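These are my notebook entries on one protein structure. I record what I looked up and what I found.

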Amino acid sequence: MVQTGMAKILDVRARSVWDSRGRATVEAEVAVKGARGRAIAPAGASTGSGEAKSIDVRQAMHFINTEIRSFLMGKKLDQETIDNALIALDGTPDKSRLGGNAIVAVSLACAHAAAAAAKKPLWRFLAGNKPVAMPVPQIQIFGGGAHAQGRMDVQDFMVICVGAGSFSESLEWTAAVYRAAGARLAKRNALYGVADEGGYWPAFKTNEEALAELTGAISDAGFEPGADVAIALDIAATQLWRGGRYHLALEKKTLTAAQLHSLLLGWIDRYPIVSIEDPFAEHDMEAMASFTRTAGHRIQIVGDDFFVTNEKRLLDGKAIGACNAVLLKPNQVGTLTETLACWRAAQAAGYRAIVSARSGETEDVSIVHLAVGWGVGQLKVGSFARSERMAKWNEGLRIEELLGRTALPYPARRLFKTAQAPRW
Ligand code: 2PG
Ligand code: MG
């Protein structure tokens with residue numbers, strides 16, 4: 001990470017603000033001479049047990065305004081040193097004393113302050129002089145799981161515009177698919193509203209019906225499923241796992257890991273799926289490894305609750321051949337430095353990564369800057385509605401405009417080479 005190494009912290013403050021679910025969350029503000037940075041902690045609903053623990057917002061504010069503030073005052077704005085000091089100051093393995101929410105807000109606010117002091121946008125500050133590419137978006141069309149009161153078992157039905165030539169074109173195509181999906185649902189009288197991340201909350205009878213409808217919406221919008229626009233799923237399977245079995249409430253089915261494995265392989269055969277996140281529960285290491293052995297050469301298999309942005313968990317997963325990609329959520333691990341360590345470990349392991357928002361979000365757009373500045377390649381922000389989501393897509397558009405022709409080639413086609421003859 002590029003550092004100014006010069007600016008000294010003059011002030012650190014916290015305030016309570018509101019997130020997209022109308023819940024209080026913490027914002028941190030860090031001041032240096034002539035510049036300041038601020039960031040807001042997001043919140044998940046389907047969380048992994050290995051995540052940094054958030055604490056009560058009043059408590060988090062109190063710690064930022066007292067202990068963290070007195071500790072950081074006068075310190076050099078060096079990200080790694082500050083993050084390591086915050087980890088040591090907290091003193092717990094899961095950041096439960098000072099709060100993962102307090103720590104991530106301060107860590108990100110420091111990065112913003114350092115970039116502002118260097119008079120650079122955060123993405124440029126993080127990238128140094130290296131050329132960067134715009135990330136490929138994964139955008140939710142239907143929402144389920146913990147984000148829609150379990151109405152559907154699968155949490156995210158998303159699209160990846162694998163054939164699009166740029167970030168902005170990906171958004172244009174997604175807008176068309178999102179509208180087409182809404183029109184299909186309205187026609188069938190199957191629309192309940194939108195789920196937590198802005199995706200439609202549909203009244204389907206089975207999870208597979210969502211796949212068929214999404215494939216239909218891609219065609220309705222004038223695209224070829226698989227070649228132009230493909231499907232990505234987040235099963236968020238930890239949420240389905242009870243007593244060693246996977247429970248699909250919508251279909252009143254209880255599956256063993258082997259049965260879920262077969263179900264998912266069938267879906268990959270029948271629908272244009274290019275990525276599946278958390279196909280098995282966070283504890284089900286062997287099932288994840290076995291699924292990766294079978295399907296890892298065909299699709300991207302992403303660990304979210306499974307890795308919780310934790311470098312050590314990623315290395316353990318690599319050792320048994322589980323997954324081939326990792327979701328990066330700064331608040332899942334707690335600091336920017338640990339998030340970057342996980343991304344570096346992923347690169348060394350030959351894994352891909354996707355920077356991701358949480359289901360509880362705000363207007364904070366830091367993650368877009370991380371995806372671009374670190375050259376991560378993919379970005380997941382939720383759906384294509386509601387301003388906490390659109391703020392991030394729109395920030396990407398501004399960065400794309402600034403990059404202009406200096407951008408590295410947009411990586412969608414390279415990452416998701418589509419089958420010559422569509423299987424669907
Ligand atoms: C996920 C995220 C975002 P949450 O599971 O990937 O979709 O959800 O923030 O609730 O963990
Ligand atoms: Mg997930």
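**Entry 1: a salt bridge and its surroundings**

With which residue does E388 form a salt bridge? I began here, bearing in mind that the model is predicted. The partner of E388 is R386, and the closest N and O atoms of the pair are 2.9 Å apart.

I then asked whether E388 is buried or exposed. E388 has a relative accessible area of 10%, and because the limit for "buried" is under 20%, E388 counts as buried. For R386 the relative accessibility is 28%. This value lies between 20% and 50%, so R386 is classed as partly exposed.

**Entry 2: other salt bridges**

I looked up the total next, and the structure holds 27 salt bridges. One of them joins K380 to E277, with 2.9 Å between the closest N and O atoms. This pair links distant parts of the chain, since K380 belongs to strand β16 and E277 to strand β12 (residues 273-277), 103 residues apart. I noted that K380 and E277 are both buried.

As a further example I took E286 and R293, which form a salt bridge whose closest N and O atoms are 3.2 Å apart. Here both E286 and R293 are exposed.

I also looked for salt bridges that join up. A network of them links R15, E27, E29, R36 and R38.

**Entry 3: the largest cavity**

How many cavities of 30 Å³ or more does the structure hold? I found four of that volume. In the largest cavity there is about 140 Å³ of space. Its lining is made of 18 residues, and the closest to the centre are I40, P42, E361, D364 and I367.

I sorted this lining by class and obtained nine nonpolar, four polar and five charged residues. Three helices, α3 (100-117), α10 (330-333) and α12 (366-373), each supply at least two residues of the lining of the largest cavity. Domain 1 (9-119) and domain 2 (136-415) each give at least three residues to the lining of the largest cavity.

**Entry 4: the second largest cavity**

I repeated the search for the second largest cavity, whose volume is about 90 Å³. The second largest cavity is lined by 19 residues, and E197, K329, A357, R358 and S359 are the closest to its centre. By class, its lining has three nonpolar, seven polar and nine charged residues.

Which strand provides the largest share of the lining of the second largest cavity? That strand is β16 (residues 378-383), with three residues. I had already met β16 in Entry 2, as the strand that holds K380. The lining of the second largest cavity also draws at least three residues from each of domain 1 (9-119) and domain 2 (136-415).

**Entry 5: helix α12**

I returned to α12, one of the helices that contribute to the lining of the largest cavity. How many of the residues of α12 are buried? The result is eight of eight, and the helix is mostly covered. The buried residues of α12 are S366, I367, V368, H369, L370, A371, V372 and G373. I recognised I367 from Entry 3, where I367 is among the residues closest to the centre of the largest cavity.

Lastly, I checked what follows the helix. G375 comes after α12, and the phi of G375 is positive, near 65 degrees.

Terms used: Residues numbered from 1 in each chain as written. Chains lettered and ligands numbered in written order. Predicted model: local features only at pLDDT ≥ 70, side-chain atom pairs only at ≥ 80, totals over all residues. Heavy atoms only, no water. 1 Å grid on protein atoms, 1.4 Å probe; cavity = no way out; pocket = protein on both sides within 12 Å on 5 of 7 lines; lining within 4 Å. Points joined across faces, edges and corners; volume = space filled by probe spheres on them. Helix = DSSP H or I, 4+ residues; strand = E, 2+ residues; numbered from the N terminus. Nonpolar A, V, L, I, M, F, W, Y, C, P; charged D, E, K, R; others polar. Domains from an automatic or database assignment. Salt bridge = Lys/Arg side-chain N within 4 Å of Asp/Glu carboxyl O. Buried < 20%, exposed > 50% of the residue type's maximum accessible area, 1.4 Å probe, protein only.
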